[in-house]
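Thanks, everyone, for making time this morning. I would like to walk through one structure with you, taking its inner spaces first and then one of its sheets.

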Amino acid sequence: MNDQTTPIKSVPLLINGKFIESQASKLIPVTDPATQNVIANVPCATENEVAETIENGKTAFENWKNVSVGDRARLMLRYQHILKEHHDELGEIVAKETGKNIEDAKGDVWRGIEVVEHACNIASLVMGETVENVARKIDCYSITQPLGVCVGITPFNFPAMIPLWMFPMAIACGNTFILKPSEQDPLTPTRLGELFMEAGAPDGLLQIVHGDKSVVNQLLVHKDTPAISFVGSVAAGEHIYRTGTHHLKRVQALAGAKNHMVVMPDAQKKHVINNLLGSSVGAAGQRCMAISVAVFVGEARNWIPEVRDALAKIRPGVWHDKNAAYGPLISPEAKKRVLRFISEGKKSGAECILDGSECQIDGYPDGNWVGPTMFKSVTTDMSIYKEEIFGPVLVALEAENLEDAIKLVNENPYGNGTSIFTSSGAAARKYQHEIKVGQVGINVPVPVPLPMFSFTGWRKSFYGDQHAYGKQAVKFYTETKTVTARWFEEDIDTGVNTSITLK
Ligand code: NAD
């Protein structure tokens, strides 16, 4: 219920270094997912406002592209320092607007800070290559140059980490950046923007516009936005990839997931169960790297009742409840969607061995709660297997052997993350080699790589350029120019005869 009396603030846009109130006629309420209290209103920026950010970004780019790589790194060093000072405060903002428990929320901030740390190292990341004497007295070398005004469109589930995947690397490469954060939790990205300005960022380097798909579409088709980074659902990702590339832009779209954990009978049972709990229902299952499918191989199927019993002992709760394993879903619509899947699962013949549909939390009757839920006897034609549920729902399948498990995982439409739990090196090596998925964990449930590696996805989990995130992001946010140079028209007479005749 929303019985508030304090006025609701409108989330400002960050345009050319200033936080301004939008002239928008359309406002979207941002709600606390545990209470439905409106905590802010997010404006859908007007066409003029979006057009203005692009112009500002272009103007700022003319200067920023010539700023020394050392100064660009120094801005990131200051930003990294300020983010660390504000780490706990940012964690609390994340927790309040997403409902995540506080430790999880701080983890979201920390993973973002790691990318900023990586961006501090920009000089060595943008280095080109050189070969002397590719022909006689001709040298060849490559240089990397920024693109211009880059755009980022981010989802609700990591409001700190995912914006920080994008704009620090893009800006460190010499670009300017327009961020369009999720309309469901815009307060964290706004604070990230304030702290970036506090770190000394020149006006127009990072701009933030808010809104829904109409704002995205304007950014997508504009002639002066050469590169688009997107993270979110498959439906939006496909649209953004199609539209952006149709307009001849560079697009990377990280999309949805259905991540499998393959449980071999030689794995350590306790280890498997502990890891399945956090990775399946942690963050209410609203992680693109959540384990949503467990494939029990051979005799490991006998562990299903124990997994169920362990899941039954955990419960969601409000963000500051230290005993709660996870928080509410982001919105009533998200909850409705998860409940629809649970109901479809039951109708399709799967056995619901733990049902969190009726979950209630004392003192928070309006929260978007769903308790841990588990299905067994699931088959690959069921919607609870084929589609991303994005809730605290674990579906269990069984396979006779590793070959069958690998085939199952490779035939799933998604390929974001996966893990295998086993004590056999041979099984782990086979899995690593044969599995067609972007991130692979071996006895690690959620294998999210650090920024010195790439983050990618196969099949429906990733569209476009494979250079997302971290080290490889430099390739996405720059052009390479190869120079072939003959330095002198005439030989310089050094008095030394340098010519040789090859035999
Ligand atoms: P979403 O696709 O609904 O929204 C993401 C962003 O796209 C938001 O900024 C939103 O305003 C915008 N958007 C939504 N629909 C659009 C449309 N039709 N046209 C243009 N823009 C549109 O995603 P979400 O619900 O915020 O996030 C959850 C999804 O993100 C899940 O599917 C999850 O798997 C995925 N995700 C993937 C990764 C990854 O690395 N692969 C990481 C995090 C989240």
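How much space lies in the largest cavity? Before I answer, please keep in mind that this is a predicted model. The largest cavity holds about 90 Å³ of space, and 13 residues line it, those closest to its centre being Gly 285, Ala 290, Ser 292, Glu 388 and Phe 390. If we sort that lining by character, we find six nonpolar residues, four polar ones and three that are charged. Counting cavities of 30 Å³ or more, we arrive at five. As general background, empty space of this kind is revealed by rolling a probe the size of a water molecule over the atoms.

Let me turn now to the sheet. Seven strands make up an open sheet with mixed pairing, and their order is β14-β15-β16-β13-β12-β18-β19. At the edges stand β14, residues 351-354, and β19, residues 439-442, and each has a single partner strand, so one side of each is left without a neighbour in the sheet. On average, and with direction ignored, neighbouring strands of this sheet are turned by 25° against each other.

Looking more carefully at one edge, we see that β18, which covers residues 417-421, pairs with β19 in the parallel sense over four bridges; Gly 417, for example, has Gln 439 in β19 as its bridge partner.

Finally, there is a helix to place against these strands: α10, residues 269-281, lies across β12 (259-263), β13 (291-297), β16 (393-399) and β18, and the helix runs at about 155° to β13.

Terms used
Residues numbered from 1 in each chain as written. Predicted model: local features only at pLDDT ≥ 70, side-chain atom pairs only at ≥ 80, totals over all residues. Heavy atoms only, no water. 1 Å grid on protein atoms, 1.4 Å probe; cavity = no way out; pocket = protein on both sides within 12 Å on 5 of 7 lines; lining within 4 Å. Points joined across faces, edges and corners; volume = space filled by probe spheres on them. Nonpolar A, V, L, I, M, F, W, Y, C, P; charged D, E, K, R; others polar. Pairing = 2+ DSSP bridges. Helix = DSSP H or I, 4+ residues; strand = E, 2+ residues; numbered from the N terminus. Axes fitted to C-alpha atoms, helices over the stretch in contact; angles between N-to-C directions. Contact = heavy atoms within 4.5 Å.
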